Amino acid sequence: MQLINPANETFLGHLVQDSSEMILEKYNKVVQAQKEWKKVGIKDRIQWISKYKKLLLQNIDHLALTLTEDMGKPLSQSKGEIKGAMGRLDYFINHCEQYLSTETVNVSETHTEMIAYEPLGVIANISAWNFPYNIGFNVFIPAIVAGNGVLYKPSEFCSRTGEKMISLLFDAGVPKNLVKVIQGGGKTGAALLDLDIDAVYFTGSHKTGQSIYNKVASKMIPCQLELGGKDPLYITADNANLISVVDSAIEGVFWNNGQSCCAVERIYVHHSLYDQFLDLFVQKVNAMKIGNPMDDDTFIGPLARKQQINILQSQVDDALAKGATVLTGGKALECKGYYYMPTVVSNVDHTMSIMNEESFGPIIGIQKVASDEEAIKLMKDSKFGLSSAVFSDKYQTAKPILDTMDTGTVYWNCCDRVSPYTPWSGRHNSGIGSTLSHIGIRAFTQPKAYQLKSFEK
Ligand code: NAD
């Protein structure tokens, strides 16, 4: 496989895809290593994370550069991702022992009852390219700490990053055969599912997630899916500080070039603020620097994948054909690299794909609403269910709206953020299961109930 830098279309190197034989050989090694690892006490299974943190930070310049070359994220944002991911590692250092230790849940006169959290065995982690550190850590760190072995398949659009991220695990003290990187594209991912794995954790598109879910159904193993979204943001009538609202919305839409699962992909604005909001929003978008991701002040770099340009263009064209207005952008840049102009589209409605299909790029539809009731109706009109956000000066205004949202996460006056303290989960076409929080730690275990009775007085 040829690896191409999306910023300038230069050749980065060749990727050797794992054959079925290579995958089986790696799997057998992980099976053996996991048998020993599960006997290691929980305290020792956590020890290596602090050293891993240190190594990541010592190598941050090199790691960030590799990430930027792989998928085009501006270098400053690549560094930001690696630094930000440290918070997740701290969370696991501080909470895994608590949530993975055996609990005594009932002591009666006759019985003692306990829950033990046992590892699943060997898990497959098939991952995406957009935030490889964050989404990788959500899975393979707690999986290892819970006593599992891991077959980690990075995206073919981030294979060099995946290799480096895993090799530092071994430098930090994780046994070499406990985790294996499996390299390749979709066919390689599918081959991984043919193995006798004990669970699969997938991050990626709804389409691939659905095919994985079908494929492993007969195995009756845990299958977690973290999929895409079409996340709405609503601006209520009572917002006094519209500039701050616009700043947050811009980050929510355009951070990582819009290639975030929980990027803001639809904006609804109360009619009383609509014109003012649009003016401020478009001004800010026009001031964003688009270009070489290596430059410090670049905010919008290239898209990771060339084919995404066609998807974005077809959504914009569909909106235009149905009566929408492009306020800025609306086309690809004519240059080397996969650049699409940050694009704002108004006069949109839900017949347009820009308002109902995942865009995964720097384009946004903004729709005027007459009331909170109309906003709620439109926000809920989606097959996805990852996150939804309300910006309002009063929590009392936002709360009833947030309470009705059928999404895994709701935000008040913030958006496009993930915390290790709360579960990260999608509903409907956005996925099944949770990572992060105590729920996401225990997601890599199977509970065993102990019911104990002593005949001694
Ligand atoms: P993708 O579905 O194209 O690929 C994801 C992974 O699956 C890759 O490693 C790929 O090689 C592999 N794959 C492809 N076909 C396969 C098959 N048939 N069997 C097994 N594996 C296969 O997705 P992507 O482009 O890498 O990622 C973008 C998508 O991921 C977006 O939809 C985004 O919203 C979503 N995402 C979701 C979250 C979340 O937490 N919910 C986080 C990040 C990204």
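How many disulfides does the structure contain? The count comes to 0 disulfides in this predicted model. C261, for instance, is in no disulfide, and its nearest cysteine sulfur, that of C262, is 4.4 Å away. The points below cover a further cysteine, the packing of helix 3 against helix 7, and the surroundings of S159 in helix 7.

**Cysteines**
- The cysteine sulfur closest to that of C415 belongs to C414; because the two are 6.9 Å apart, they are too far from each other for a bond.
- A disulfide would require the sulfur atoms to lie within 2.5 Å.
- C415 is a buried residue, and its relative accessible area is 11%.

**Packing of helix 3 and helix 7**
- Helix 3 spans residues 48-58 and helix 7 spans residues 159-172; their axes are 8 Å apart and form an angle of about 125°.
- The two helices are therefore oblique to each other.
- Helix 3 and helix 7 cross with right-handed geometry.
- Helix 3 contributes W48, K51, Y52, L55 and L56 to the contact, while helix 7 contributes M165, L168, L169, D171 and A172.
- By class, the residues of this contact comprise 8 nonpolar and 2 charged, with no polar ones.

**S159**
- S159 is located in helix 7.
- With a relative accessibility of 2%, S159 counts as buried, because the cut-off for that class is under 20%.
- Leaving aside residues up to four places away in sequence, S159 touches L3, L15, D70, P154 and Q183.

How values were computed. Residues are numbered from 1 along each chain as its sequence is written. This is a predicted model: local features need pLDDT of at least 70, side-chain atom pairs count only at pLDDT 80 or more; totals for chains, interfaces and linings use all residues. Side-chain values use heavy atoms; hydrogens and water are left out. Buried means under 20% relative accessible area, exposed over 50%, partly exposed in between (1.4 Å probe, protein chains only). Axes are lines fitted to C-alpha atoms, for helices over the stretch in contact, and angles run from 0 to 180 degrees between N-to-C directions. Helices (H or I, at least four residues) and strands (E, at least two) are DSSP runs, numbered from the N terminus. Angles under 35 degrees count as roughly parallel, over 145 as roughly antiparallel, 65 to 115 as roughly perpendicular and the rest as oblique. A crossing is left-handed if the near helix is turned anticlockwise from the far one by less than a right angle, and right-handed if clockwise. Contact means heavy atoms within 4.5 Å. Ala, Val, Leu, Ile, Met, Phe, Trp, Tyr, Cys and Pro count as nonpolar, Asp, Glu, Lys and Arg as charged, and the others, Gly among them, as polar.
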